[in-house]
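Student: I have a new structure to look at and I am not sure where to begin. Could you walk me through it, one feature at a time?

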Amino acid sequence: MLDLFAATPTPAVPTPTTPPPAEGLDFFSAIMWPFKWIVETILVFWHWVFTSIGLEADAGLTWVLSIIGLVIVVRSALIPLFVRQIKSQRKMMEIAPELRKVQEKYRGKKDQLSREAMSRETMALYKKHGTTPVSSCLPLIVQMPILLGMFYTLSDVKRHAEWGVGGVGLLNADLTKQFYDAQLFGVAPLHTNMIEAIGLGQTATVVILVILVVLMIASQFLTQLQIISKNLSPEAKTGQAYQMQRIMLYILPLAFIFSGVFFPLGVVLYWFTSNIWTMVQQFLVIRNLPTPGSEAAKAREERLARKGKALDAQGRIVPLEKYQAEQQRLYEEAQRAKEQAPKRQQPMGKQRAKKQGSQNKPEPKPKPEPKPGDDPGDKPNKPKPTS
């Protein structure tokens with residue numbers, strides 16, 4: 001029976017330190033229910049795998065490995081969304097200089113026509129590059145329910161174990177109690193956070209949590225640093241998005257300090273494992289799909305050149321000879337197009353046009369010289385009209 005629909009259970013410990021599980025199904029619990037069910041299923045599956053090969057069911061190593069397996073499965077399923085998010089963020093940074101030109105063009109113009117024109121030019125720019133501000137956030141929004149499901153599943157272990165109930169799926173009361181009893185290295189309970197460990201005098205748990213928090217901060221810092229230092233073009237480093245990236249580089253570690261203090265050791269282990277996954281994944285993406293013009297792109301070109309290869313116009317890896325032939329062909333096509341293109345006439349003012357028109361005006365033909373004996377003053381006799 002799901003604890004979400006059950007009445008208030010009888011405590012499994014003499015003095016529970018947590019409130020009883022919810023008696024009803026609130027709105028948030030209803031939304032998170034399917035995601036928690038998926039997370040519990042994966043966690044229990046890995047626990048079954050490791051106990052099948054001889055590990056103890058309530059051993060800290062068994063549950064730590066199950067948490068790592070949970071992170072691997074979920075993050076592997078999110079790889080396509082991650083790559084899409086990276087590409088969207090890269091495109092937004094690439095068009096940042098062009099967006100800034102549009103903003104400068106309409107700076108100070110607050111009339112309706114100017115705002116509509118600015119909106120049209122901005123949307124046309126997004127359509128040209130195949131991106132929007134929402135596209136870079138959408139993959140993250142899709143990931144959030146799953147990540148929250150992982151967090152709440154691991155955070156609820158202590159409360160469920162103290163009240164003798166299970167989760168919403170395969171993580172039943174017995175498995176929850178085994179998770180509750182598990183200790184990392186045999187000294188640090190997975191359900192204890194740093195505040196509780198300090199209050200109970202669990203020095204080993206405090207030391208382990210401090211080390212993990214430091215590693216969490218370092219991994220997050222390095223992940224963000226490799227983006228803004230290696231994977232941005234020189235133009236992107238002048239935009240507002242780059243300034244936001246630099247600010248987040250120093251703000252995000254503060255959030256991990258908070259999480260390291262108040263989150264249980266099992267959640268901190270999950271978060272640290274997830275950070276390591278993100279850092280390695282980000283490294284591979286930057287190495288193989290760098291932003292054009294960035295330091296990572298130049299480094300990739302140098303690696304390919306040492307192997308006698310290069311990237312063609314479609315971004316495919318080809319032999320260097322084929323690349324050089326393609327570049328020569330593109331150069332010749334550009335030269336022919338330049339020669340065949342009509343020459344642009346320089347605009348000129350009215351005075352210059354009038355002066356040039358007078359210069360191009362044909363000279364009048366000279367009058368014939370009078371013959372000897374002709375009187376220039378004489379007028380030819382007109383024939384008289386006949387009656």
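Tutor: Let us go from the whole chain to its helices, cores, salt bridges and surface.

Student: What should I keep in mind about this model, and how many helices and strands does the protein have?

Tutor: Keep in mind that this is a predicted model. The protein has 15 helices and four strands.

Student: What percentage of the residues are buried?

Tutor: Of the 387 residues in the protein, 36% are buried. The accessible surface comes to about 24700 Å², and carbon and sulfur atoms account for 62% of that.

Student: How do I read contacts along the sequence?

Tutor: Look at how far apart the partners sit in the chain. Among contacts between residues at least 6 apart in sequence, 66% join residues at least 24 apart.

Student: Now the helices. How does the span of H2 agree with what its 18 residues should give?

Tutor: At 1.5 Å a residue, the 18 residues of H2 should span 26 Å. The C-alpha atoms at the ends of H2 are 26 Å apart, so the two values agree. H5 passes the check as well: 26 Å is expected from its 18 residues, and its end C-alpha atoms are 26 Å apart.

Student: Which residues of these two helices are buried?

Tutor: In H2 the buried residues include Trp 63, Ile 67, Leu 70, Val 71 and Val 74. Gly 60, Thr 62 and Arg 75 are also among the buried residues of H2. In H5, Ser 114, Ala 117, Thr 122, Leu 125 and Tyr 126 are buried. Just after H5 comes Gly 130, with a positive phi of about 70°.

Student: Why look for nonpolar side chains that are buried together?

Tutor: Because nonpolar side chains in soluble globular proteins tend to be buried together. Here the largest nonpolar core has 38 residues. Trp 63, Met 150, Phe 179, Leu 184, Leu 190 and Leu 265 touch the most other members of that core. Several helices each supply at least two residues of this core, including H1 (27-52), H2 (60-77), H6 (133-155) and H12 (265-288).

Student: Which residues is Met 150 in contact with, leaving aside neighbours within four places in sequence?

Tutor: Met 150 is in contact with Val 39, Leu 70, Val 71, Val 74 and Tyr 270. Three of these names may sound familiar: Leu 70, Val 71 and Val 74 are buried residues of H2.

Student: Which residues are in the other core, of five residues?

Tutor: Ile 95, Leu 99, Leu 125 and Tyr 126 are among the five residues of this other core, which lies apart from the largest one. Leu 125 and Tyr 126 are two of the buried residues in H5.

Student: Let us turn to charges. How many salt bridges does the structure hold?

Tutor: It holds six salt bridges. In one of them, the side chains of Lys 105 and Glu 121 meet at 3.0 Å, N to O. That pair links distant parts of the chain, with Lys 105 in H4 (residues 96-105) and Glu 121 in H5 (residues 112-129), 16 residues apart. Lys 105 is partly exposed, at 47% relative accessible area, and Glu 121 is partly exposed at 28%.

Student: Where do Lys 158 and Glu 196 lie, and are they buried or partly exposed?

Tutor: Their side chains meet in a salt bridge at 2.6 Å, N to O. Lys 158 is in H7 (residues 157-162) and Glu 196 in H9 (residues 194-200), 38 residues apart. Lys 158 counts as buried at 13% relative accessibility, while Glu 196 is partly exposed at 27%. Salt bridges can also share partners: Lys 36, Asp 156 and Arg 159 are joined into one network that way.

Student: Which residues make the nonpolar surface patch?

Tutor: Met 244, Ile 247, Met 248 and Ile 251 make this patch of about 340 Å². Ile 247 lies in H11 (residues 240-262) and is partly exposed, with a relative accessible area of 42%.

Student: And before H1, is Pro 9 buried or exposed?

Tutor: Pro 9, in the segment before H1, counts as buried at 17% relative accessibility. Leaving aside neighbours within four places in sequence, Pro 9 is in contact with Pro 21, Trp 163 and Val 165. The C-alpha atoms of Pro 9 and Pro 21 are separated by 7.9 Å, and the two residues are twelve apart along the chain.

Terms used. Residues are numbered from 1 along each chain as its sequence is written. This is a predicted model: local features need pLDDT of at least 70, side-chain atom pairs count only at pLDDT 80 or more; totals for chains, interfaces and linings use all residues. Side-chain values use heavy atoms; hydrogens and water are left out. A salt bridge is a side-chain nitrogen of Lys or Arg within 4 Å of a carboxyl oxygen of Asp or Glu. Buried means under 20% relative accessible area, exposed over 50%, partly exposed in between (1.4 Å probe, protein chains only). The expected span of a helix is 1.5 Å times one less than its number of residues. A nonpolar core is a set of buried Ala, Val, Leu, Ile, Met, Phe, Trp, Tyr and Cys residues joined through side-chain atoms within 4.5 Å. Contact means heavy atoms within 4.5 Å. Patches are made of residues with over 30% relative accessible area and no salt bridge: like charges are joined within 9 Å, nonpolar side chains (Val, Leu, Ile, Met, Phe, Trp, Tyr) within 5 Å. Accessible areas come from the Shrake-Rupley method with a 1.4 Å probe; for residues, only the protein chains shown count as cover.
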